Amino acid sequence: MTVLDVVAAENKTIVKPLEGKVAIVTGGSRGIGAAIARELADKGAHVAINYQSRSDAADEVIKDIEENEGSAIAVKADVSNSQDIADLIEEVKNKYGKIDILVNNAGITRDRTFRRLSEEEWNEVINVNLNSVYNTTSAVINHMLEQKSGRVINISSIIGQAGGFGQTNYAAAKAGMIGFTKSLALETARNGITVNAVCPGFIGTEMVQAMPEDVLSKVVAKVPMQRLGTPEEIAEAVVFLAQADYITGQTINVNGGLYM
Ligand code: NAD
């Protein structure tokens, strides 16, 4: 290789696979959502990081992304509030002119055995984990249909597949996301839109660290890989789906073998 070849190679622009794409990540200020936002930005996408209350946490993620020469903005919205979400989608469209990737990540747990579960705890979990998916997707789908391309990626859960003790509300919401994923995938496949779900197992975030230590160590002992997953391992699956043209209606399990 000549000196000129070396100079040319060094100056060659590295084309990132999601260069120019615009992504929204709900609940993107921490945990799995923050890892997804970082990974999408690392692959070249402009990322709108939705947060509910912790603007400082969202700003931290943006700082990281910008230090890595990526592009991101923070947008405040409660995903269970349809007006908030309509405003969020408008803000992102006005800023970037389009939306290519929607990652429905925001979620909460309110664990309680069914006999003790209040109507409020049921509704809260269904609203934040499932009705939010209606709010965001309905606000963005016409735009994706018009542009004849789009990616909707829903962060469901192993609990939606296998059930969870004290988690009827959460399991119902997460299983609902899987049914939603398959049905919308059927309806939009011919329009260049793919709709997929990622089902994490137990991932080391605040949500899981809130579990009592003895319960958590029993869970880890049951995982064939004998450890919790990392947020980055979920983000890798999301970035893969964001680039995949011929995969739709699927659930990708990232769970260390806990549910097969
Ligand atoms: P987390 O609690 O660390 O993060 C959840 C995020 O959702 C936070 O940023 C929070 O602010 C946001 N959020 C909550 N309510 C919101 C609302 N009303 N409006 C906007 N944002 C809201 O949890 P995590 O572990 O990072 O989980 C992310 C997703 O992955 C969730 O949907 C969760 O159910 C799912 N999941 C997590 C695990 C796990 O083991 N951690 C396993 C399976 C599925």
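**Exercises on strands, helices and one buried residue**

In this predicted model, six bridges join strand 2 (residues 46-51) to strand 3 (residues 71-76), and these two strands run parallel.

**Exercise 1.** Find the residue that stands opposite I49, then trace how the chain gets from strand 2 to strand 3.

*Solution.* Start at I49. Its opposite residue is A74, in strand 3. Now follow the chain. After strand 2 the path goes through helix 3 (residues 55-67) and then reaches strand 3. This β-α-β crossover is right-handed.

**Exercise 2.** Describe how helix 2 and helix 10 cross, and list the residues that make the contact.

*Solution.* Locate the helices. Helix 2 covers residues 31-42, and helix 10 covers residues 231-243. Their axes come within 8 Å. The crossing angle is roughly 50 degrees. Angles under 35 degrees count as roughly parallel, and 65 to 115 as roughly perpendicular. The angle fits neither range, so helix 2 is oblique to helix 10. The crossing is right-handed. Next, collect the contacts. Helix 2 contributes G31, I32, A35, I36, E39 and L40. Helix 10 contributes P231, E232, I234, A235, V238, V239 and A242.

**Exercise 3.** Place T194 in its element, decide whether T194 is buried or exposed, and name the residues it touches.

*Solution.* First, the element: T194 lies in strand 6 (residues 193-200). Second, the accessibility. The relative accessible area of T194 is 5%. Buried means under 20%, so T194 is buried. Third, the neighbours. Leaving out residues up to four places away in sequence, T194 touches G150, R151, V152, A244, D245, I247 and T248.

How values were computed
Residues numbered from 1 in each chain as written. Predicted model: local features only at pLDDT ≥ 70, side-chain atom pairs only at ≥ 80, totals over all residues. Heavy atoms only, no water. Helix = DSSP H or I, 4+ residues; strand = E, 2+ residues; numbered from the N terminus. Buried < 20%, exposed > 50% of the residue type's maximum accessible area, 1.4 Å probe, protein only. Contact = heavy atoms within 4.5 Å. Pairing = 2+ DSSP bridges. Right-handed = clockwise from strand over helix to strand, strands pointing away. Axes fitted to C-alpha atoms, helices over the stretch in contact; angles between N-to-C directions. Parallel < 35°, antiparallel > 145°, perpendicular 65-115°, else oblique. Left-handed = near helix turned anticlockwise from the far one by under 90°.
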